[in-house]
Amino acid sequence: MNRIIEKRKLSETVFWMRVDAPLIAQERKAGQFIILQVDDYFGERIPLTIADADSTNGTITLIFQAVGATTIRLSEMDVGEEIAALVGPLGTPTHIEKFGTVVCVGGGIGVAPLYPIAQALKAAGNKLIVIMGARNAELLILEEEMRAIADELIICTDDGSAGRKGLVTAPLKELCELSEKPDLAVAIGPPIMMKFCAETTRPYDVHTLVSLNTIMIDGTGMCGGCRVTVGGETKFVCVDGPEFDGHLVDFENMMNRLNSYKKQEQDHVCRLTNKIEEGAK
Amino acid sequence: MSYRPPQELADEAIELVSKIEKPLSPRDRLAIPVQEMPTQDPAVRRTNMDEVALGYTLEEARLEAERCLQCKTAPCVAGCPVGIDIPGFIKAIAEEDNKRAIDIIKQSSLLPAVCGRVCPQETQCQAPCTVGKSLKSVDKAVSIGRLERYVADWERDVHGMQPLSTKPDTGKKVGIIGTGPAGLTVAVDVRREGHQVVLFEAFHKPGGVMVYGIPEFRLPKAIVQKEIDALVEMGCELRANYVVGRTRKIPDLLKEDGFDALFIASGAGLPRFMNLEGENLVGVYSANEYLTRSNLMRAYDRARSATPISESKKVAVFGGGNVAMDAARTAVRLGASEVHLIYRRTEVEMPARVEEVAHAKEEGVIFHLLQNPKRILGDAQQHVTHIECLRYELGEPDDSGRRRPIEIKGSEFEMEVDTVIVAIGNNSNPLIRQTTPGLETNQWGNIVVDENGKTSIDRIYAGGDIVLGAATVILAMGEGRKAAAAINTMLAQ
């Protein structure tokens with residue numbers, strides 16, 4: 001169960017893995033995620049988006065950045081090893097229909113969850129414009145995959161090493177200013193990017209979906225740790241989301257809640273890295 | 001009541017047992033003092049997660065069993081949701097026949113080690129006890145729960161648990177959704193009849209609320225694991241990390257995966273919040289989240305667990321039920337210097353067990369009665385810094401028969417805290433309801449069942465908190481047994 005079938009390194013810290021998970025591969029829909037543990041005794045449960053799935057082979061694709069205790073350990077696992085616990089697909093699938101023109105904005109690792117949504121929107125007959133952003137060319141992921149499905153692909157990097165130099169909000173604003181503005185925007189990436197994408201589209205009244213990646217434990221509505229404020233109401237990202245109207249999300253609160261355990265997590269990663277270094281000696 | 005060390009209690013029991021002269025008259029029996037449950041010293045247990053109650057010694061159990069008057073009418077049995085032959089098993093203990101005692105219990109209850117620990121006996125079997133009535137205090141009733149625990153522990157630790165026998169394979173397959181008390185009960189009863197049983201668990205560890213909710217210091221996880229092991233030994237299959245409604249939907253299990261019947265026991269897992277200002281600040285938890293982090297994810301073991309939990313100094317817990325007590329007592333053990341429990345009625349109306357309230361107080365939890373939070377305040381980073389509360393007084397009785405708390409206008413005051421735990425109950429989890437067309441639920445989202453536990457869909461049964469709303473282990477088990485009997489009857493046809 002949950003055997004790693006294939007593994008690639010997409011950049012210094014970003015990894016791509018194909019994992020054996022036939023039931024999840026069969027049931028999952030765009031926008032859904034899984035929760036995994038690399039150790040089901042002392043390990044933490046973390047949510048990761050399903051970047052792709054192959055129901056024939058029974059595999060799902062995970063793309064993740066090795067930044068925390070669990071993702072670092074996951075990145076060190078090899079093909080053939082099994083992930084201790086993997087549960088899903090969780091969350092409400094993306095509502096897919098023919099809207100007309102859809103602009104999908106992905107920042108950094110956020111391109112991974114964006115990809116299946118873009119795929120599904122394209123398959124539903126939408127005109128698909130994709131904006132991808134990263135700090136530099138090296139950190140861009142899934143560029144070829146996106147190019148293959150997008151009617152138009154715009155790449156932005158902070159340092160100009162690929163595509164346009166600057167933030168994803170600049171081309172997004174230009175698209176909103178066109179006489180035929182987009183019918184829908186989907187923005188997935190770091191919270192701050194999603195917040196500014198929502199602020200960019202707000203004056204143009206372009207409906208904007210964002211996909212939130214909050215702290216979670218069970219992922220089935222049981223703990224409420226993932227709760228966010230949306231339009232003044234409390235919502236659970238794991239069951240009511242992960243997608244919400246970006247114009248209604250209280251990003252300030254969400255970002256503060258994401259930092260709940262910053263100190264403890266840093267300590268833990270430090271301990272982990274020290275242990276690895278000691279082990280290497 | 002001051003703390004008495006286990007050794008002192010044990011020595012006293014040895015002396016008293018030696019003085020017993022049979023036959024005992026009812027008057028003699030009433031004269032035997034209630035055997036106190038030996039516990040860890042409060043000062044010590046505040047710093048560890050080990051079980052608080054240590055269990056009776058042989059002599060203590062003997063003495064407590066001798067207190068039973070063996071009433072012909074057995075009012076205690078009527079008070080037990082699963083109708084255990086209570087005088088019968090107590091008599092067996094008095095006669096030092098523990099094997100007979102556990103066999104009697106197991107005719108009716110499948111989880112005695114659990115129920116002996118977490119059942120609210122003072123409102124069930126012990127409430128109508130003649131001994132308690134004669135001595136004019138329910139606290140002086142025969143300690144039925146402690147005796148149940150005593151023989152269950154004896155079986156597990158001394159005698160060894162016997163695997164239950166199963167009838168030959170029927171070729172029928174039953175799926176059980178959820179591995180809490182209701183699910184485990186149905187698994188046993190259905191498997192005994194020779195049907196194949198598959199248990200689905202959403203978490204990575206089975207046991208439901210007994211594992212994620214009730215803390216180690218009240219119900220050791222090893223005890224629950226023994227029950228699970230026994231099921232697996234009987235041939236039940238366990239599929240963890242499987243969320244019915246997401247990983248697979250109910251109609252698919254019936255139509256494509258070959259299940260002949262399903263039992264839904266997914267629990268009441270959807271925490272209620274109070275819609276207070278500041279409820280989404282950093283440092284505000286549902287009790288479910290706080291307890292799951294500490295129990296299931298082992299965040300209490302800060303050195304080894306990857307799951308963090310707040311390093312709180314001053315904690316406020318909202319609520320007055322067992323879950324609120326569990327959360328408050330967990331916060332004490334996680335190192336908080338002050339734990340405040342805030343409840344808007346008085347101690348009389350508290351839904352928590354008397355024993356849990358007493359233990360919480362012994363461990364230093366500070367009770368604030370007739371008070372209720374009004375809002376939660378935070379700093380620039382949205383971390384909790386204060387709560388604002390209101391004082392209440394009791395008015396006329398409400399629908400529940402409890403006197404309604406009425407706020408005292410202008411009585412607002414602030415309390416400095418860095419963590420808030422909301423423990424005001426759970427609603428039913430909507431996942432299965434939303435993904436099972438035709439499944440009838442009531443206005444609270446609980447699944448509607450008939451007297452046999454059958455839902456509005458043929459071959460689908462339900463029980464436990466998803467039907468009852470948040471209730472107790474024993475009620476979940478009672479529901480489960482009823483439904484299991486109905487499932488067995490249906491499959492035999």
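Let's start with the sheet in chain A. In this predicted model, seven strands of chain A make an open sheet with mixed pairing, in the order S10-S9-S8-S7-S11-S12-S15. Strand S10, residues 164-165, and strand S15, residues 243-245, are the edge strands of chain A; each has a single partner strand, so one side of each has no neighbour in the sheet.

Further in, strand S11 (residues 184-188) and strand S12 (residues 208-211) of chain A run parallel and pair over three bridges. If you want a residue to click on, try Ala185(A): its bridge partner in S12(A) is Thr208(A). Then look for helix H3 of chain A, residues 111-123, which packs on this sheet. H3 touches strand S7 (101-107), strand S8 (127-134), S11 and S15 of chain A, and its direction makes about 165 degrees with that of S7(A).

Now over to chain B, which has an open sheet as well. Here five strands follow the order S6-S14-S7-S8-S9, and the pairing is parallel. Which strands stand at the edges? They are S6 and strand S9 (366-369) of chain B, each with a single partner strand, so one side of each is left free of a neighbour in the sheet. On average, neighbouring strands of this sheet are turned by 20 degrees against each other, if you ignore direction.

Strand S7 (residues 314-318) and strand S8 (residues 338-343) of chain B run parallel and are joined by five bridges. Within S8(B), Ile342(B) is the residue opposite Phe318(B). Helix H16 of chain B, residues 322-333, lies across S7, S8, S9 and strand S14 (419-422) of chain B, at about 165 degrees to S8(B).

So much for the sheets; on to the place where the chains meet. The contact takes 45 residues from chain A and 45 residues from chain B. About 3800 Å² is buried between them, and carbon and sulfur atoms give 51% of that. Which three residues of chain B supply more of the area it buries against chain A than any other three? Arg246(B), Asn280(B) and Ala306(B) do, with 18%.

On the polar side, there are 22 residue pairs in polar contact across this interface, and the count of salt bridges between the two chains is three. One salt bridge to look at is Lys205(B) with Asp40(A), at 3.9 Å from N to O. As for who does the touching, strand S5 (270-271), strand S6 (284-286) and helix H15 (287-294) of chain B each give two or more residues to the side facing chain A. H15(B) has the largest share, four residues. By class, that side of chain B has 18 nonpolar, 14 polar and 13 charged residues.

Stepping back, the whole structure holds 63 salt bridges over all chains. In chain B, the side chains of Arg117(B) and Glu51(B) form one, at 2.7 Å from N to O. Arg117(B) lies in helix H8 (residues 112-118) and Glu51(B) in the loop between helix H3 (42-45) and helix H4 (58-66) of chain B, so this pair ties together parts 66 residues apart in sequence.

Last, some backbone geometry. Most residues other than glycine have a negative phi, and most peptide bonds are trans. Yet the bond from Gly88(A) to Pro89(A) is cis, with omega near -5 degrees, and Pro89(A) sits in strand S6 (residues 85-90) of chain A. Lys22(B) and Pro23(B) are also joined by a cis peptide bond, with omega about -5 degrees. Asn241(B) has a positive phi, near 55 degrees, and is found in the loop between strand S3 (237-239) and helix H14 (250-255) of chain B.

Methods:
Residues numbered from 1 in each chain as written. Chains lettered and ligands numbered in written order. Predicted model: local features only at pLDDT ≥ 70, side-chain atom pairs only at ≥ 80, totals over all residues. Heavy atoms only, no water. Pairing = 2+ DSSP bridges. Contact = heavy atoms within 4.5 Å. Axes fitted to C-alpha atoms, helices over the stretch in contact; angles between N-to-C directions. Buried area = accessible area lost by both parts, 1.4 Å probe. Salt bridge = Lys/Arg side-chain N within 4 Å of Asp/Glu carboxyl O. Polar contact = N/O pair within 3.5 Å; in protein donor to acceptor, adjacent residues only side chain to side chain. Nonpolar A, V, L, I, M, F, W, Y, C, P; charged D, E, K, R; others polar.
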